[in-house]
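Reader: I am new to this structure and would like to learn how to read its features one at a time. Could you take me through them?

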Amino acid sequence: MQQHCHSTRKINASKCDCGMLCIPQEILCPVCRNKMKKIKVDGCGIVKTYTIAHVVPMGFTSPLKVALICIDEGLCIAYFDGKLSVGERVYLEEKDGLIWIL
Amino acid sequence: MDVFINSMGMCRIGKKKGGFEEILCETVNEIDIPKKIDAIYVGSQNPWGFSSIDNLSARIPQYLGKSGVKCIRIENSSASGSTAFHQAFIAIKSGLYDSVLALGIEKMSSRKRNDVISLLSQVLEENERKMGLTPMSIAAMVCRLYMRKYGLKDDELAYIPVKSHENGSLNPKAQFQKRITIEDVLNSRTVAEPLRLLHCSPISDGCAMAVLSKMGDVKVMGIGHGTDLLTIRYRKKILSFRATKIAASEAYSMAKISPNDIDICEVHDAFSIMEIISLEDLRIFEEGSAGKMSAKGETSLNGKIPVNTSGGLKARGHPVGATGLCQIYEIFLQLTGNAEKRQVDGVKIGLTHNMGGFACSNTVTVLGK
């Protein structure tokens, strides 16, 4: 699911020649172990799926709202507030290495 | 040279009073361990984390009164039990060993529930864990997407745990032996939307063991082991598990059978949606159809292909490192005509499917009469 959308906000990512896109960045590609290039992708994407978790590990507060977002040519995990729906176009920002839906 | 299951044993699964030693003693009552056994292979996911126990390679033989036997622990997350069984198969097939005891054991109930959830989340990739994801919340995301893509309704999904408890009520060794209704499932509290409490397997203690050798009543026809990337967001597909598909292909090929030949199976229903997706990845049902077919009764005890007649991980219980051998125990009982009230007539070939991590390292085992 590659949707071309634009945002002035950028998300740090890494890209490999084999096609793999990693958010957050990885130094080596998890698939082929070649060195990845550090890139920035537009902070927008499409909601692939999400959940509101009421059972959370120690150190986290419930409810925990997380989504899986199609961004550029990969997927990232993002927190959200309020409501969300599958297929919705969302704008993202990166805060302290964590991705949030705006 | 063929490899067979000679004898098996399993304790009652549940929250047990005793520790490893007591659990083993209960299990050993049912099995015939020969005087001469070449090795003991122990599957256990996290004895240190769940039970503050280390060095199973020395403990288990002593607890069994078999300190003279070489023993190793095999770890493959929640597929440790079936993987220990596979290693025993490989050892005998190689010609080096004549008989091996494969056992799976886990005691999870000594820890508080929150600790268990955190320990189980340790199987995930670091960033996914750092964001507070758990196997449950990942399964919930998969479930939402599956239900939307294939139009599976809440009351159709609820049929899976209802069936699990129906079968569990006929299994004297199941953790839960009380039936539940669709309404019970839909009224149970939400754990991670759209998953409810009754869609999820419990915290369990238990042990199951098998003696494998060159003769026995049940033949190990084929084994398979498939893998996938640890990191969920790096995978190409999330509604289908590559690890299951590869394991199934390998096992079917070794057993020289097709999915149509399977009469009965135990699949890894850690969460109800996993039973549905696994049946599709095993090619027992077509993609997108297993949920609806199950709701129609095709996988019930008297259905076309009975699935999880033991009660599955949901009702039989899920002592993580032991589960793979608990599944094999059920198929062993069914094939030898010892499943009592839940016996399915005429079963000749059975399959077990066990997942390690979040479908990172899965096994398939084909057993035949």
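Reader: Where is A:Asp96 found in chain A?

Author: Before the answer, two notes on the basis of what follows. This is a predicted model, in which local features need pLDDT of at least 70 and side-chain atom pairs count only at pLDDT 80 or more, while totals for chains, interfaces and linings use all residues. Residues are numbered from 1 along each chain as its sequence is written, chains are lettered from A and ligands numbered from 1 in the order in which they are written, and side-chain values use heavy atoms, with hydrogens and water left out. As for your question, A:Asp96 is found in the loop between strand S7 (89-95) and strand S8 (98-101) of chain A, where strands (E, at least two residues) and helices (H or I, at least four residues) are DSSP runs, numbered from the N terminus.

Reader: What is the sign of phi at A:Asp96, and is this residue buried or exposed?

Author: Most residues other than glycine have a negative phi, and most peptide bonds are trans. A:Asp96, although not a glycine, has a positive phi of about 55 degrees, and with 83% relative accessibility it counts as exposed; buried means under 20% relative accessible area, exposed over 50%, and partly exposed in between (1.4 Å probe, protein chains only). A:Asp72 also has a positive phi, of about 50 degrees, without being a glycine; A:Asp72 sits in the loop between S5 and strand S6 (74-79) of chain A and is partly exposed, at 34% relative accessible area.

Reader: Which residues does a cis peptide bond join in chain A, and which in chain B?

Author: In chain A, a cis peptide bond joins A:Ser62 and A:Pro63, with omega about 0 degrees, and A:Pro63 has its place in the loop between strand S4 (44-53) and strand S5 (64-71). In chain B, the cis bond joins B:Glu193 and B:Pro194, with omega about 5 degrees, and B:Pro194 lies in the loop between strand S5 (190-192) and strand S6 (195-196).

Reader: How many strands form the open sheet of chain B, and in what order?

Author: Two strands pair if DSSP finds at least two bridges between them. Here 9 strands form the open sheet, in the order S3-S2-S4-S7-S1-S8-S11-S10-S9, with mixed pairing. Strand S3 (70-74) and strand S9 (264-266) of chain B stand at the edges with a single partner strand each, so one side of each has no neighbour in the sheet.

Reader: Why is strand S7 of chain B largely enclosed by the rest of the structure?

Author: In S7(B), residues 205-213, 9 of the 9 residues are buried, so the strand is largely enclosed by the rest of the structure. Both of its faces are covered, with B:Asp205 and B:Cys207 among the buried residues on one side and B:Gly206 and B:Ala208 among those on the other. Strand S1 (residues 4-10) of chain B runs antiparallel to S7(B) and is joined to it by 6 bridges, with B:Gly9 opposite B:Met209. Strand S4 (residues 100-107) of chain B is also antiparallel to S7(B), through 8 bridges, and there B:Val100 stands opposite B:Leu212.

Reader: Which helices do the buried residues of H5(B) pack against?

Author: An α-helix has 3.6 residues a turn, so residues three or four places apart point the same way. The buried residues of helix H5 (residues 113-121) of chain B include B:Asp115, B:Ile117 and B:Leu119. The buried residues of H5(B) pack against helix H2 (47-51), helix H6 (126-130) and helix H7 (135-150) of chain B, where contact means heavy atoms within 4.5 Å.
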